[in-house]
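Notebook open, coffee ready. I want to look up a few things in this one and jot them down as I go.

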Amino acid sequence: MTQIALITGANKGIGYATARALGERGMTVLLGARDEGRGRAAEKELTAEGLDARFVRLDVTDAATVQAAAELVEAEFGRLDVLVNNAGIVRADGTAEPSATRIGTIREVFETNVYGVVTVTNAVLPLLRRAPAARIVNVSSEVGSIASMTDPASPLFALTSVPYPASKAALNMITAMYAKELRDTPIKVNAANPGYTATDFNSHHGFRTPEQAAAVCTHLATLPADGPSGLLWGHLITREGDQNGVLAW
């Protein structure tokens, strides 16, 4: 039985690379994107590679498109095996320090990075429950780890921005709470740390590739039955080189 995966923000960057990786594993990948032109272009590129990729209009900040996407998945497939909540934005004001931050900026970031995840997850959760063993992957970040951000020895200690790190810290808690609710089901819920990846997010200044980031998401999306749930897992900043593992909340 072919597995069905829905990825939000799948027309570029980590979402696109994750869609390709899951498609290469034989899944039907539903490319959630708010921009139809970009979504169709991504669909065309992936289908040209022989993958079963289909554009689905989905703006995580628009409940109507979320509900329509859920209804489309139900009508065509009757279930959902994998949900990758990847769509996200980053914003900052002035010096990016807390004292320079505008409340409106925080609201804008939370609308996509936090509220959007809950909106999409709740809309498709009945479909995930119908799958034999569904997986939910919330694409988070190491900057959402309070332990790392407050450790003077951490490379992240110098970062003082509020909107994006706070949104990812909130997403980590959301991940933990869904994992608790679903702990007696076959569904596993984890947060992914793709690492500092070169995407439009950072004007492609990241030192990891989208493919490396997608490998983190793919690992969590394809966990075996005895795999973990309720973790922040992914790229670790170590002196030993490129490694993946569990990050502290």
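How far apart are the mean positions of the positive and negative charges of the protein chain? I looked that up to begin with: the 22 positive and the 26 negative charges have mean positions 2 Å apart. Note to self: this is a predicted model.

**Entry: the whole chain**

I counted elements next, and the protein chain has seven helices and eight strands. Then I checked the overall size. The C-alpha trace spans about 50 × 40 × 35 Å along its principal axes. For 249 residues, a compact globule would have a radius of gyration near 18 Å, and the protein chain comes out at 17 Å, which agrees.

I also asked how much is tucked away: 52% of the 249 residues count as buried. The exposed surface is about 11400 Å², with carbon and sulfur atoms supplying 53% of it. One more number I liked concerns contacts with a separation of 6 or more: 68% of them are between residues 24 or more positions apart.

**Entry: salt bridges**

Reminder from class: side chains of opposite charge can pair when their charged atoms come close. The count here comes to nine salt bridges. I looked at some of them.

I started with arginine 40. Its partner glutamate 36 has the closest N and O atoms 3.5 Å away. Both residues lie in helix 2, which covers residues 36-48, and they are four residues apart, about one turn of the helix. Arginine 40 also forms a salt bridge with glutamate 43, this time with the closest N and O atoms 3.8 Å apart. Glutamate 43 and arginine 40 are separated by about one helical turn, because they are three residues apart in helix 2.

Which of these three are buried, and which partly exposed? Arginine 40 is partly exposed at 40% relative accessibility, and glutamate 36 is partly exposed too, at 43%. Glutamate 43 has 19%, so it counts as buried; the cut-off for buried is under 20%.

Then I moved on to glutamate 108 and arginine 91, whose side chains meet in a salt bridge at 3.2 Å, N to O. Glutamate 108 sits in helix 4 (residues 103-130) and arginine 91 in the loop between strand 4 (82-85) and helix 4, so this pair ties together parts that are 17 residues apart in sequence. Glutamate 108 is partly exposed at 37% relative accessibility, and arginine 91 is partly exposed at 35%. Back to the earlier trio for a second: Glu36, Arg40 and Glu43 are joined into one network by salt bridges that share partners.

**Entry: two buried residues**

While I was in helix 2, I also clicked on leucine 46, which has its place there. Is it buried or exposed? Leucine 46 has a relative accessible area of 0%, so it is buried. Leaving out residues up to four places away in sequence, leucine 46 touches Tyr16, Ala19, Arg20, Leu31, Leu51 and Ala53. I checked the distance to alanine 19: the two are 27 residues apart in sequence, but 8.6 Å apart in space, C-alpha to C-alpha.

Asparagine 138 was next, in strand 5 (residues 135-139). At 1% relative accessibility, asparagine 138 counts as buried. What does it touch? With residues up to four places away in sequence left out, the list for asparagine 138 is Asn85, Val117, Leu171, Thr175, Val189, Asn190, Ala191 and Ala192.

**Entry: two loop residues**

Threonine 222 is in the loop between helix 7 (210-221) and strand 7 (232-236). Its relative accessible area is 27%, so threonine 222 is partly exposed. I set it against glutamine 212: they are ten residues apart in sequence and 16 Å apart in space, C-alpha to C-alpha. Skipping residues up to four places away in sequence, threonine 222 touches Leu22, Arg25 and Met27.

Last stop, alanine 96, in the loop between strand 4 and helix 4. I looked up its backbone angle and found a positive phi of about 75°, although alanine 96 is not a glycine. Arginine 91 from the salt bridge entry is in that loop between strand 4 and helix 4 as well.

How values were computed:
Residues are numbered from 1 along each chain as its sequence is written. This is a predicted model: local features need pLDDT of at least 70, side-chain atom pairs count only at pLDDT 80 or more; totals for chains, interfaces and linings use all residues. Side-chain values use heavy atoms; hydrogens and water are left out. The radius of gyration is taken over C-alpha atoms; the globule rule is 2.2 Å times the number of residues to the power 0.38. Buried means under 20% relative accessible area, exposed over 50%, partly exposed in between (1.4 Å probe, protein chains only). Contact means heavy atoms within 4.5 Å. Accessible areas come from the Shrake-Rupley method with a 1.4 Å probe; for residues, only the protein chains shown count as cover. Lys and Arg count as positive and Asp and Glu as negative; His and the chain ends are not counted. The place of a charge is taken as NZ of Lys, CZ of Arg, CG of Asp or CD of Glu. A salt bridge is a side-chain nitrogen of Lys or Arg within 4 Å of a carboxyl oxygen of Asp or Glu.
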